[in-house]
Structure formats: C-alpha cells, structure tokens
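Work through the exercises below with the sequence and the model at hand. Each task is followed by a solution in steps.

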Amino acid sequence: MLGKLRPVGSRVPRPAALAASNSLPWSRFYVTEYTASGTEALSMAIDIAITRKPKVPVPEIILPAYGCPDLVAAVIAQGGAPVLVDFMPNTPFMNVDCVRDAISPSTVAVVAAGFLGIPERLESLSEVCEDQGVFLIEDSAQCFPPASSEIPRADCVVLSFGRGKPINLMGGGALLIRNELAESSGAVLERYPVLTVKTNIQWRIKRLLFNLLMARVPYWLLEQLPFLKIGETRFHQCNAIRRLNLPSDLVAGGIDAFKRRPVIHTVYDRELEAIEQFGWKRLGLRNADNTRIDASWPRIRYAVLAPNTELRDRAVQALNKAGIGASCFYRAILPEIEGLDKWVECRGYTNAREFASRLITLPCHEDVTANEVAIVAKVLGELSSCQSA
Ligand SMILES: *Cc1c(COP(=O)(O)O)cnc(C)c1O
C-alpha cells in the first residue's frame with residue numbers, strides 16, 4: 001500500500017453541541033481548569049502540591065524513570081527537584097516499594113503517569129501517598145478517561161489535548177482538582193494568565209489541514225522532510241504556564257469522537273498472542289501484572305516488548321518498510337535524554353532501562369484496520385521464527 005500508516009494521532013474533532021448527558025466523566029469529583037498544554041497543567045498541579053508544604057526548601061517530586069521529558073520540564077519550572085523511580089520488571093509501572101523508599105521529608109508529590117493508555121496502579125500508590133502525606137497527581141495525558149474519574153484517588157489529574165494524545169484539539173490541556181481542594185487551590189491558579197481559544201475560520205482551516213496531513217501519503221511525505229524531525233523525543237523547557245479559556249463544545253466534540261473511535265487494541269491482543277512463544281510480551285492486557293484495565297476504551301498506541309533490543313530494532317525497521325509507523329517511543333530513560341542529565345541523577349533504573357530498550361509501539365488510531373494488524377503479526381512472526389531457527 002502507498003504511503004505510511006502514521007504511528008499515532010487522531011483527527012481533530014468538530015465542536016459539538018454539549019448535550020446534558022455529555023457532562024465531563026470526572027465532574028462528580030473534580031473541578032476542571034483548562035490549560036495551554038498538558039505540561040502546563042502538570043506544572044500547576046506541582047505548584048499546588050508545593051504550596052501545601054511551604055516549609056520545604058527544595059521540594060522533591062517523584063517521577064517514573066522512563067517517560068515523557070515534559071514531566072521533568074513541569075517540575076523544574078516550579079523550582080522542584082525531580083526524583084526518579086524504577087519500574088517493575090517488564091511493565092510500565094513504578095515499583096511501589098521504590099516509591100516508598102524515595103519519599104523523604106522534602107517530597108511533596110508523586111506523579112503517576114498512565115503509559116500509552118495503561119493507567120498506573122493508583123490503588124497502591126494512593127495508599128503510600130496517604131500514609132506519608134504526599135500529594136498524588138495522575139498524569140493521564142496518554143489515557144482517557146483518567147482512572148480517577150471512576151474512583152477519585154488522585155488529588156489532581158492532568159490531561160493533554162495535543163497532537164498524538166487521546167483527544168487532539170491541536171493543543172491545550174486540563175487540570176482536574178479534587179472538589180475538596182478546589183477552594184484552597186484557587187489562589188495558586190489565579191497567578192496564571194488566561195488565553196482564549198476561538199474556533200473561528202482560521203481554526204477551522206488549521207483543523208482541515210491538520211486532518212488532511214494524517215492520511216498515508218501526506219504523512220509519508222512529511223516524514224521525508226528531515227527538518228521536521230517527526231517523532232523525535234526532545235526536551236523542551238516549560239517557559240510559560242497559562243490557563244485556557246477553551247470552548248466547552250470543543251471538549252465535548254473531542255470526547256464524543258473519542259467514544260466513537262473503533263477499538264483496535266483488542267485485535268492486536270488476539271493477533272499477537274502467537275509471538276509470545278518467542279519471548280514477546282503484549283502490554284496492557286486485562287488482568288495482567290495485577291491490574292484491572294478497562295479494555296473497552298480506545299488507546300493511542302499498542303505496546304509490546306521485544307525479546308531483546310536487536311530484534312526490537314530489526315522489527316521497527318521491517319514494520320516501517322512495510323508501511324506501518326512502528327516506533328521505539330522515547331528510546332531512553334529520562335537521565336539519558338539530551339538536556340536532562342543536569343536535572344536528574346542517573347543511578348541504576350535497571351528495569352526502566354530494559355523496558356526502554358525493548359519497547360515497540362504500534363499504531364492504534366481510527367485508520368488502523370484488521371488487515372494492517374495482520375501485517376504487523378506476520379512481520380513480527382517471521383522475524384522471530386527466523387531468529388530462533
Ligand atoms: C504529552 C505528555 C505530557 C505533556 O502534554 P503536552 O500537552 O504535550 O504538553 C505530559 N505527560 C505525559 C505522560 C505525556 O504523554
């Protein structure tokens with residue numbers, strides 16, 4: 001087939017009429033403040049956590065050792081010190097014992113990031129946080145709806161409406177604050193300026209262009225332009241933190257489109273079962289790794305761990321040659337990402353490092369068909385069986 005299936009990203013929705021039944025999934029437990037990005041929402045959440053412990057001279061924030069570099073940007077924008085924690089083996093989950101050990105009198109918050117639509121284990125993390133009087137932030141930039149909309153375990157929740165996130169509004173984010181904390185957090189939020197988004201004619205043209213460029217051939221062409229550096233992980237400092245006046249019909253349209261998106265990750269679950277005999281691991285399966293994952297929602301990417309790095313790299317190459325936008329994602333743990341070494345200490349993180357070296361993400365958006373999932377299964381199956389032969 002011509003062109004290439006983009007690795008991630010759904011079309012920008014049309015603004016929708018906000019029906020009464022269409023209230024926000026978390027509205028019983030959280031108040032919503034829109035922000036200019038997910039990073040900015042996270043930074044505000046960290047500000048709230050720091051403000052609650054005013055006597056701590058250098059506030060520490062616990063983050064997973066492998067993840068989005070924006071996590072570190074959000075922390076240092078508030079003068080906080082990131083403290084990294086390793087994963088459990090072969091999972092994207094922080095080791096809860098390591099989280100407990102990492103908590104010091106200076107710790108103000110733990111950030112639980114749901115990786116690729118696989119929510120963190122908020123149940124055990126909230127126990128640790130409550131015990132120690134530490135703020136729990138659910139970073140749900142890659143998961144929708146956030147786990148806390150069902151049971152409000154996190155004090156704050158972060159959403160992103162950027163490109164490549166569950167709901168793509170061409171930018172923006174949201175900070176959800178637990179009802180009990182809303183009043184006391186008001187003064188913190190008021191320090192941040194408010195921008196306004198208008199869905200005017202410029203916005204509509206931008207949306208059309210954005211959506212056109214997602215098709216196979218335009219995506220392939222864009223990828224040929226080296227200066228765009230599509231898909232590269234880079235660290236950007238978070239220089240401005242702003243609230244956003246976001247039209248509610250736009251958010252409603254996004255949630256609507258998300259709910260109507262076909263669920264393709266269950267097709268991957270089925271098709272890739274056979275390669276587990278060669279040492280591959282499918283991530284995000286229901287009831288796996290002591291988690292209860294709701295598989296009925298769409299995901300932004302499908303994640304698998306290869307048996308080793310060599311096979312991972314060959315698989316990514318072969319899949320891309322076959323027109324499938326497979327990716328190694330962030331490629332390295334946070335301390336090894338350029339520009340981050342001076343902010344985070346590098347010691348160990350064996351499991352996170354291993355995870356980074358074996359991860360492949362596969363497209364899971366609305367244009368992925370069962371046919372393409374079958375191609376993925378065939379390519380991975382052939383590579384694995386010829387390696388083990
Ligand atoms: C993308 C992302 C962010 C940042 O969101 P932006 O809207 O891009 O600033 C934060 N955390 C995680 C886990 C992300 O994937």
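The exercises treat a predicted model, starting with the ligand site and going on to strands, single residues and backbone geometry.

**Exercise 1. The ligand site**

Task: List the residues around the ligand and sort them by class. Then find polar side-chain atoms that lie close to ligand atoms, and state how much of the ligand's area the protein buries.

Solution.
Step 1. A residue belongs to the shell if one of its heavy atoms lies within 4 Å of the ligand. The shell consists of Ser-37, Gly-38, Thr-39, Cys-68, Asp-70, Asp-139, Ala-141, Gln-142, Ser-160, Lys-165 and Tyr-330.
Step 2. By class, the shell has five polar, three charged and three nonpolar residues.
Step 3. Two side chains place an N or O atom by a ligand oxygen: Thr-39 at 2.5 Å and Ser-160 at 2.7 Å. For a ligand nitrogen, the partner is a polar side-chain atom of Asp-139, at 2.6 Å.
Step 4. The ligand exposes 380 Å² when taken alone, and the protein buries 88% of that area.

**Exercise 2. The sheet around β11**

Task: Give the strand order of the sheet that contains β11, and name its edge strands. Then decide how well β11 is covered.

Solution.
Step 1. β11 (residues 301–305) pairs with strand β10 (residues 281–282) through two bridges, in the antiparallel sense. In this pairing Lys-281 stands opposite Leu-305, and Arg-282 stands opposite Val-304.
Step 2. β11 also pairs antiparallel with strand β12 (residues 359–363), here through five bridges. Tyr-302 has Leu-362 of β12 opposite to it.
Step 3. The order is therefore β10-β11-β12, an open sheet of three strands with antiparallel pairing. β10 and β12 are the edge strands, since each pairs on one side only.
Step 4. In a regular strand the side chains alternate between the two faces of the sheet. In β11, Arg-301, Ala-303 and Leu-305 point one way, while Tyr-302 and Val-304 point the other way.
Step 5. The residues of both sets are buried. With five of its five residues buried, β11 is largely enclosed by the rest of the structure.

**Exercise 3. What covers helix α11**

Task: Which residues of helix α11 are buried, and which elements are included in what covers them?

Solution.
Step 1. Helix α11 spans residues 350–358, and its buried residues are Ala-352, Phe-355, Ala-356 and Arg-358.
Step 2. The cover over these residues includes β11, β12 and α10 (309–321).

**Exercise 4. Two buried residues**

Task: For Arg-282 and Ser-384, give the element, the burial and the contacts outside the local sequence.

Solution.
Step 1. Arg-282 is part of strand β10. Its relative accessible area is 10%, and the limit for a buried residue is under 20%, so Arg-282 counts as buried.
Step 2. Setting aside neighbours within four places in sequence, Arg-282 is in contact with Asp-269, Leu-272, Glu-273, Glu-276, Tyr-302, Ala-303 and Val-304. With Asp-269 there is a polar pair: a polar side-chain atom of Arg-282 lies 2.4 Å from the backbone oxygen of Asp-269.
Step 3. Ser-384 belongs to helix α12 (residues 370–388). At a relative accessible area of 1%, Ser-384 is buried.
Step 4. With neighbours within four places again left aside, the contacts of Ser-384 are Phe-278, Trp-280 and Leu-311.

**Exercise 5. A parallel pair**

Task: Are β2 and β3 paired in the parallel or the antiparallel sense?

Solution.
Step 1. β2 and strand β3 (residues 81–85) are joined by five bridges, and the sense is parallel. Ile-61 has Pro-82 of β3 as its bridge partner.
Step 2. Strand β2 covers residues 60–64; four of its five residues are buried, and the strand is mostly covered.

**Exercise 6. Backbone geometry in loops**

Task: Locate a cis peptide bond and two residues with positive phi that are not glycine.

Solution.
Step 1. The bond from Phe-144 to Pro-145 is cis, with omega near -10°. Pro-145 sits in the loop between β5 (135–139) and β6 (156–160).
Step 2. Arg-331 has a positive phi of about 70°, and Tyr-349 has one of about 55°.
Step 3. Arg-331 lies in the loop between α10 and α11, and Tyr-349 is also found between α10 and α11.
Step 4. Their burial is then read off: Arg-331 is exposed at 53% relative accessibility, whereas Tyr-349 is buried at 6%.

How values were computed
Residues are numbered from 1 along each chain as its sequence is written. This is a predicted model: local features need pLDDT of at least 70, side-chain atom pairs count only at pLDDT 80 or more; totals for chains, interfaces and linings use all residues. Side-chain values use heavy atoms; hydrogens and water are left out. A polar contact is a pair of N or O atoms within 3.5 Å; within protein, one must be able to donate a hydrogen and the other to accept it, and residues adjacent in sequence count only if both atoms are side-chain atoms. Accessible areas come from the Shrake-Rupley method with a 1.4 Å probe; for residues, only the protein chains shown count as cover. Ala, Val, Leu, Ile, Met, Phe, Trp, Tyr, Cys and Pro count as nonpolar, Asp, Glu, Lys and Arg as charged, and the others, Gly among them, as polar. Buried means under 20% relative accessible area, exposed over 50%, partly exposed in between (1.4 Å probe, protein chains only). Contact means heavy atoms within 4.5 Å. Two strands pair if DSSP finds at least two bridges between them.
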